[in-house]
Amino acid sequence: MKKLATIISSLLIATALYSQRPGRIKGIVLDLETGKPPDGCIVKIVEIGTTTFADTSGRFEFRNVPAGVYTLAFMFPGYSRTIISNQVVEEGRTTFVEAQLLKERAGGDVFFIGGIEVTSARDKELLPEEAETKTRITSAEIEHIQASSLGDVLELLPGIEISTPGLRDLKQAKLRHTETSVEAGNLASFGTQVIIDGSPLSNIANMQVDIGMMTTAGSGVDLRQIPADNIEYVEVIRGIPSVKYGDLTSGVIKVHTKSNVRPPRLKYKNNPNTQEANLGGGLKIFGSDASYNVNWAKSIRDKRIEGDEFSRIALQASLKNRLFKGAWLVTNRLYYTRAFDEKDEDPIDRSRTARYNREWTLRYTHNSDIDIGDKGRIKGVASANYTKQNSFYQKLVSRDNAVISDRMTEGTQEGTFVGVYISKYWVKGDVWNIYLDLNWGNLYPGRILSHNLMIGTNWRYEVNNGPGRIFDVLYPPPTSGMRGDRPRPYDDVPGILLGSFYAEDEISGRLWRDFTLNIGVRQEIYGFKGVNLGGIFNHNPVFICNNGLFLNPRINFLYRLSDNTQLRVGYGKSSKGPPLYNIYPNPRYFDVVDTSAWSLDPDERFSIVTTYIYNRTNERFKGYTQDKYEASLDKRIGYVGLSLTAYYNRTKGGFTSQTTPVVLFQYSRPNWPSLEGSTVKDTIFSRIQKPMNWVSIDSKGLEATLVTKEVPHLNTVFSLQGSYNTTSSWDENGVTFTLSERRVDSLGTEVVPCWKSTGKWSEKLMFDYKLDTFVEPLGVWITLVGEQVVWDRDRYTGIDDSLAVGYLSKSGEMVYIPEEERASPKYKEIRRIYDDYKYIIEDRPIKWMWNVRITKSLFKGSEVSFFANNIFNDRAIYSLDRVYPGSSSHSYRNPSIYYGLEVSLILEDIFNWPYWDIF
Amino acid sequence: MKIIINAGIPLLVIGCLLLTGCKKETPTAVEFDMTFVVMDESGFMEALTEGNLVPNANVRIRSVEYGTEYSGVTDSAGVAIISKILADRYDVMVSRELSPEEVEQVTGSPQARLLSGQKTSVIYDGSKEEDTIYVNISQLGSFVISEVYYSGAPEAGYYFHDQFTEIYNNTEDTLHLDSILIAEAYKGYATDADYVHCRIVWQFPGDGTNYPVAPGEMKIVAQDGIDHREQAPLSIDLSNADFEYARPAHGDVDNPDVTNMIEILHDTRFDFNYSVFRDAIVIAKVDDVNTLEFDAGGNMLIPTEAVIDGVEWLDDVTDYSKKKLNAVIDAGATGNIPSYCGKSIERKRAGEEGGKIILQDNNNSAMDFDVLDSPLPWSIH
């Protein structure tokens, strides 16, 4: 009976909803004074709770609005919130609304300093509008800190320390992570997805490994390739992202580049190590918005060394069109980036090192936004990216007088004697990255609940078919032990196809108070191989794939307790596919010299070498996952907005490289050149690295943000950002081997023992105190930032376990000691005791760093910016505690004082200069 | 009133400055004279002179921190006065050569011997004006490391595979190199007086009598026993070396005419090469190398009693914080030569006896070694 009642009432509600033929609200929003539309104004139907964005021409539309009387709210930074009430919507008809927004005047006017629109930085919304924890960084803030690339921009986020801007060092993004081990840091940056105009950058097919210098393979993309001057705004989602975003763990960084019509603006930046010039603008061509940006930057790493520098050229062009009377918004973008990371050979360098890392990227992105009326909206992103990687490394090799082999297959042959030589090798990759995302969404407003549905699919194909590692086999790059080395082309490395399907419903309604519930699920398929529809019936997976099948639900709940208080709670699972070089690592060659006889006469020298090849390919190497939990409380009290967030992220199955010993045999070959009668004459241990999936990371913390509106008469905005994070990383079931074998009497042979891997724990509490003062009559914006790190601690974990887990014996047998026997005296000789000092917690004292940024207008359309980091040059030198007694080690916790100047001018206004009259 | 304040205060300030400026004494550091009394514990001096004070002994003091040195010679009363030394922490080294005539008077056989003694890390700050140093007959009972050529060949890039170690029989009897260990100490354990923590350990082959060394004879252990002038023209020819460190399975060249050493413990290095900057090696004799234990870092522990000799070299001889060997084995360090310059370190002569050279062994490389401009295998300069 109860069941019947439920069915009948659902049908009634459904018919009630359906019987009303919905109406429509369409309109236009403009600036009252200028008549120009603000780009991207938020429009909201207050009673239903749904929001939409007005486009660049100020037009907006709500479809499927049930008949009724509604209030519309219009919000855009810099303008007063405008409310238009009593808008009647009739069945099947369209209601037209025209809104005019008034620029807000709160204790000082909104204004431009030169070419920087300061409005957006002054007037942030005090309460977040969306359920996900996001930070929005505007172009004004980016210009004010004189960022050279996206890497410098991230210092505005909580928990990230300010560092020297520029292109000298690698910059990667690690969200909500305190440094523990190198592997954990790599996973944190690899798991942060950087999306440029809807298309993600990917580091999966980067095979630049074994190149003798710093590479980003296996970790996050190098953010230096994204120039900051062309960024309109950046949104960083640190919390639980919508299911629209996949193949990530830590978070999403969404970059929107400038693509609107604007006068050309020239910028030049100079500081002790970096020079940068940028020209960008946009114009209307045949009814389309065309935009361009040209950027050149150069950073010198060490002034004393000539020729050690990093340069970058970045070009971008975009074309925006409206087709079919505005129903189809199309944007086409083309990007070209070229990096030069050069270190020339220094004439006095005895080791004759020289290297370069030259890379260029060409990328095409297409965004389509199609409005199909009542049926909803289709959005598509398609992009193709080609990167040509080219690294070179040269060095004098003098490891020893040695015997090597040039054999490319397994087997035995005569060897070659080498001494000291110069080795040159190249690693060249051709990386292709094809991306497609298609989704459909529609809004179903209702009396009680409104649904905003979205269904989509997302595909990505990455492949690297470059020439690979290239060098002359008789002059191999430096290696260690018996590890030989051979060239390797990448065309034997297949591509990887990642696919996903996602669906999401954003439910808005009222449960005593307004709420928004965002539920979604995303099925991610890494290494897609095919579909097995029969699997639905026999409980087998429907998707056949190699590198992991992950079902990721995401839930975000926003509850408005009052006009000034809201609660946000979220849970989500996310996953990330593995990099190609973990699935198809370079094969390892071992050259064992069976016989070697040197002689004064080079012609009489003789040697026999046997080559063994270890193929480390693991086609089933899986991706890794992260479970995320988050809860936030936002409160607005008068002119102050406060936000408190607690989070917990648990990463499992992260990849790392484990060093494992291998046993090789040396043979005596009495009947050479015949191999008959060969006998084992000795056993040798060597090492091999294997990618493993066993890193776990536990990251939890608190973030607090306090922001005020501009204080009248002081013209100052005060903001405080606090971040507390504790991160712990360890290997689940991981073991570590010693570096060398030893003879153990109780076991009667030489062994390489292994123990449980150790982990690391770290904790950090830091605060950013920021004062922004705006003085319009002078055209000045001054920012003072104080960065305080209160707690900065770390220690080792898992160093209490001194018992051996197992050992590799000389016969090649890997023995695992059963748990109950590990403490037995038989294995006493292979216990590992850690020195007492390893137990010490490194507890660093409080440190401060003060930074100032000033932007001042020069004349119309032109401004100059000055910044200084660490103005008191407090290097915060710290003497480490956890060192062997009697020795000492120091670290500089703050970068040295650094400053820079930037000048910009809008070229259009130059021709109106009154100064031309002088001539 | 205003005039008093306006003029008075500056005048007062100037007055005070003048007063303090009048002092004639200039500030000085604490300098004082130190008296050293050298006494012999071995009984030798008593047998010679009926008193155990040691005349004509060289007293050398060296600042631990700064490396500054002062020296003096004891008078007939066994007393040396070293004047105007600064308050500091010092190492004191005393040595007195005993001529063959003196030795013949006491023991009956004319051979040069050495009395030596030391005190490490003592603070002299003027509170005490005298100190007594005890000397003893230095050990001459075994092999010594007589030369180490470690710095690498000049003008050959980074070529340092021509390194060798020369071992000398400093006694009057024939000794055997069989199963003696040569090991490289690992950093960070200099405070351990009981064990030498060794990262790399190699052993001479033989079962007891295969490799004899006559008195006054020396043997060369080369890193690679080949003619190095092929790769580095300014290097030396070691194709006639007595022994070589060989890891042929790993690709290391092997000269079939040169006896290979046995690898006991080795790390990831390609061959057993010493550091061209700073390093420390010891030779030791144990009954069974398989019974030796390991420390937490995987280094083999060689007991100090088993060590026959040790030598340590540093690139900066004033910085003893980088020392690897405990003061019991080697209280000082030699070296101070740039890398890849072709120079080597050789032990000094203590004297001669019947045509056989006796080398100094004070267990202090700072006292015992000299720097040679080019290596001299198989001979003492």
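Me: Before we get to strand E15 of chain B, what does it take for two strands to pair?

Reply: Two strands count as a pair if DSSP finds at least two bridges between them. This is a predicted model, and strand E15 (residues 243-244) of chain B is joined to E16(B) by two bridges. The two strands run parallel.

Me: Okay, and which residue is the bridge partner of Phe243(B) in E16(B)?

Reply: Phe243(B) sits in strand E15, which covers residues 243-244 of chain B. Across in E16(B), its bridge partner is Thr259(B).

Me: Which strands are the edge strands of the sheet that holds those two?

Reply: The sheet is an open one of seven strands in chain B, with mixed pairing and the order E16-E15-E14-E9-E8-E22-E25. An edge strand there pairs on one side only. That gives strand E16 (259-260) and strand E25 (369-372) of chain B.

Me: Zooming out, how many helices and strands does chain B have?

Reply: The C-alpha trace of chain B spans about 105 × 60 × 40 Å along its principal axes. Among its contacts between residues at least 6 apart in sequence, 67% join residues at least 24 apart. As for the elements, chain B has four helices and 25 strands.

Me: What share of chain B counts as buried?

Reply: The cut-off is 20 or more other C-beta atoms within 10 Å of a residue's own. Chain B has 381 residues, and the share that counts as buried is 45%.

Me: Where in chain B is confidence lowest, and where is it highest?

Reply: Overall, the mean pLDDT of chain B is 85, and 92% of its residues reach 70 or more. Confidence is lowest in helix H1 (residues 2-21) of chain B, with a mean of 68. It is highest, at 95, in strand E11 (residues 181-185) of chain B.

Me: How far apart are the centres of the two domains of chain B?

Reply: Chain B is divided into domain 1 (31-137) and domain 2 (143-372). Taken over C-alpha atoms, their centres are separated by 29 Å.

Me: And which strands each supply at least two residues of the side of domain 1 of chain B that touches domain 2 of chain B?

Reply: The contact takes 15 residues from domain 1 of chain B and 14 residues from domain 2 of chain B. On the domain 1 side, those residues divide into seven nonpolar, six polar and two charged. The strands you're after are E5 (88-98) and E6 (113-124) of chain B.

Me: Over in chain A, how many residues of each domain are in contact with the other?

Reply: The domain assignment of chain A gives domain 1 (19-104) and domain 2 (134-910), and their centres lie 42 Å apart over C-alpha atoms. The contact involves 10 residues of domain 1 of chain A and 13 residues of domain 2 of chain A.

Me: Which strand gives the largest share of the side of chain A that touches chain B?

Reply: Between the chains, the contact takes 39 residues from chain A and 31 residues from chain B. Strands E22 (402-404), E35 (588-597), E39 (679-708) and E42 (742-744) of chain A each supply at least two residues of the chain A side. The largest share, five residues, comes from E35(A).

Me: How does that side of chain A divide into nonpolar, polar and charged residues?

Reply: Keep in mind that the predictor gives the complex an ipTM of 0.71 and a pTM of 0.77. The residues of the side of chain A that touches chain B divide into 17 nonpolar, 12 polar and 10 charged.

Definitions and conventions:
Residues are numbered from 1 along each chain as its sequence is written. Chains are lettered from A and ligands numbered from 1 in the order in which they are written. This is a predicted model: local features need pLDDT of at least 70, side-chain atom pairs count only at pLDDT 80 or more; totals for chains, interfaces and linings use all residues. Domain bounds come from an automatic or database domain assignment. Two residues are in contact if their C-beta atoms, placed from the backbone, lie within 7 Å. Ala, Val, Leu, Ile, Met, Phe, Trp, Tyr, Cys and Pro count as nonpolar, Asp, Glu, Lys and Arg as charged, and the others, Gly among them, as polar. A residue is buried if 20 or more other C-beta atoms lie within 10 Å of its own, exposed if 12 or fewer, and partly exposed in between; C-beta atoms are placed from the backbone. pLDDT is the predictor's confidence in each residue, from 0 to 100.
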